[in-house]
There are 2 protein chains.
Amino acid sequence: MAARKIKLMIQYDGTCYHGWAAQPGLPTIQGTICQAIEKLTGITAEVQGSSRTDAGVHALGQVAAFTIDSPVPTENLVRALNNLLPDDIAILRAVEVPETFDPISDTQSKIYRYTIYTGSVRPVLQIRYCWHRPGALDVTSMAEAAAVLVGTHDFKSFASAGDQRLSSVRTILKCNVHSEGEFIYFDVQADGFLYNMVRNIVGTLAEVGRGRWTAADIQRILAAQNRAEAGPIAPASGLCLMEIFY
Amino acid sequence: MAARKIKLMIQYDGTCYHGWAAQPGLPTIQGTICQAIEKLTGITAEVQGSSRTDAGVHALGQVAAFTIDSPVPTENLVRALNNLLPDDIAILRAVEVPETFDPISDTQSKIYRYTIYTGSVRPVLQIRYCWHRPGALDVTSMAEAAAVLVGTHDFKSFASAGDQRLSSVRTILKCNVHSEGEFIYFDVQADGFLYNMVRNIVGTLAEVGRGRWTAADIQRILAAQNRAEAGPIAPASGLCLMEIFY
């Protein structure tokens with residue numbers, strides 16, 4: 001039997017993990033999935049994820065790929081791996097792809113959703129999946145400011161220190177803000193993201209929402225190409241990787 | 001300062017607790033709230049809950065009461081207690097009530113919601129708050145069968161062993177079933193509930209949903225007054241105490 005390349009679509013509640021990327025001695029999504037594959041097939045596969053989500057960040061549409069030479073049929077992988085994985089990680093789909101498929105470089109764009117809850121008392125059943133930030137925020141102002149970010153810009157002001165990438169120019173295709181009751185959702189689609197980019201954008205837009213800044217300030221912050229000009233980083237719990245387009 | 005009786009409205013994610021009722025050496029909702037009150041006021045209060053929810057059961061509308069002689073103003077209790085409580089427990093409201101208020105015997109009715117997820121892959125962000133039961137269920141049949149339970153009946157067939165109450169006659173005011181996508185919701189309102197009553201009802205209605213039984217079987221099971229006639233108990237994770245009416 002020849003080796004096959006498998007593409008996985010993966011969902012997880014990141015609360016209890018030190019992020020996607022495997023780290024010795026720490027629970028990670030990548031590490032946990034590798035262990036499940038090894039338990040199932042006896043093979044130590046290198047599972048390459050599309051996004052290195054941070055500790056506490058969630059995913060409904062993470063994509064990963066690995067090459068394996070195992071008699072386990074591809075169509076049995078979803079059920080078999082889900083039986084071996086903990087409740088907070090699930091494989092949604094497993095499909096065979098050409099050996100040339102690269103989950104990182106083949107990415108066209110990704111969508112992240114960030115959720116803020118503005119009610120005064122924390123929402124106990126959603127607290128793992130939002131930023132509880134009590135106090136009303138002006139959604140219209142935030143949406144106006146978010147629109148400034150759409151397009152191709154140098155997003156250096158929104159990249160946390162430690163970003164290793166050579167260029168900080170990215171294209172934001174969509175940056176929508178809307179509210180449902182006391183929840184506010186930020187949907188950001190881009191061809192790529194710098195380190196902590198969505199969380200830095202949301203932390204900065206929250207400053208607009210509370211009246212400290214306006215859309216003009218976002219323009220100024222973007223132009224400054226200096227992280228110190230932007231607002232504080234929003235917590236990891238509110239962030240969810242929704243979909244990756246290839 | 002005279003002693004005051006305080007009524008609390010409480011929300012919690014019950015996943016990590018051994019139920020409402022305090023047990024030595026185990027994390028419980030009641031125990032955790034008592035500790036927070038003691039930390040805040042220095043007083044060991046007896047916090048009486050309206051419903052002794054089981055391990056893993058959630059609440060958005062639990063009610064409890066306690067009497068306290070403390071200089072902390074009632075209007076500060078919500079914020080002060082929430083600062084001391086863990087993220088998965090929150091006090092929504094604290095109001096002064098007459099000393100005669102009894103959270104158990106003054107109850108007129110309660111509503112519980114039970115949630116089933118029928119999709120094939122577990123929903124990682126809702127798995128703590130539902131019963132993942134893969135495979136379609138016939139919602140129309142279940143709604144028809146649920147209607148049989150409305151009214152005043154002896155619900156002995158739906159009470160788990162260990163129920164201490166003298167009479168097993170209760171009045172179900174509402175027993176609605178509806179679906180939203182792959183989620184199915186059961187909303188049950190009654191003047192009181194026997195031990196595990198909602199979970200036994202849902203486990204039995206699921207047997208109707210999968211075609212084993214019909215509304216006529218529910219009639220027969222109800223008339224039998226024998227727990228062995230009903231279906232299996234549904235897991236605790238799907239159950240949430242929604243509201244208590246006084």
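This report covers how two chains pair and how two helices pack in a predicted model.

## Ground rules

In this predicted model, local features need pLDDT of at least 70, side-chain atom pairs count only at pLDDT 80 or more, and totals for chains, interfaces and linings use all residues. Residues are numbered from 1 along each chain as its sequence is written, and side-chain values use heavy atoms, without hydrogens and water.

## Two copies, one axis

A turn of 180° and a shift of 0.0 Å along the axis lay chain A on chain B, with an RMSD of 0.0 Å. The two copies are thus related as by a two-fold rotation axis. Superposition is by least squares on C-alpha atoms of residues with pLDDT of at least 70 in both copies. In chain A, A:Gln126 comes closest to the rotation axis, at 4.7 Å (C-alpha).

## The interface

Contact means heavy atoms within 4.5 Å. By that rule, 24 residues of chain A touch 24 residues of chain B. The copies meet through the same surface, because 100% of the interface residues of chain A are also interface residues in chain B.

The buried area is about 1,800 Å². This is the accessible area (1.4 Å probe) lost on being put together, summed over both parts. Carbon and sulfur atoms give 63% of the buried area. A:Arg122, A:Val124 and A:Leu125 lose the most in chain A, together 39% of what that side buries.

Note on methods: Chains are lettered from A and ligands numbered from 1 in the order in which they are written. Buried area is the accessible area (1.4 Å probe) that two parts lose on being put together, summed over both.
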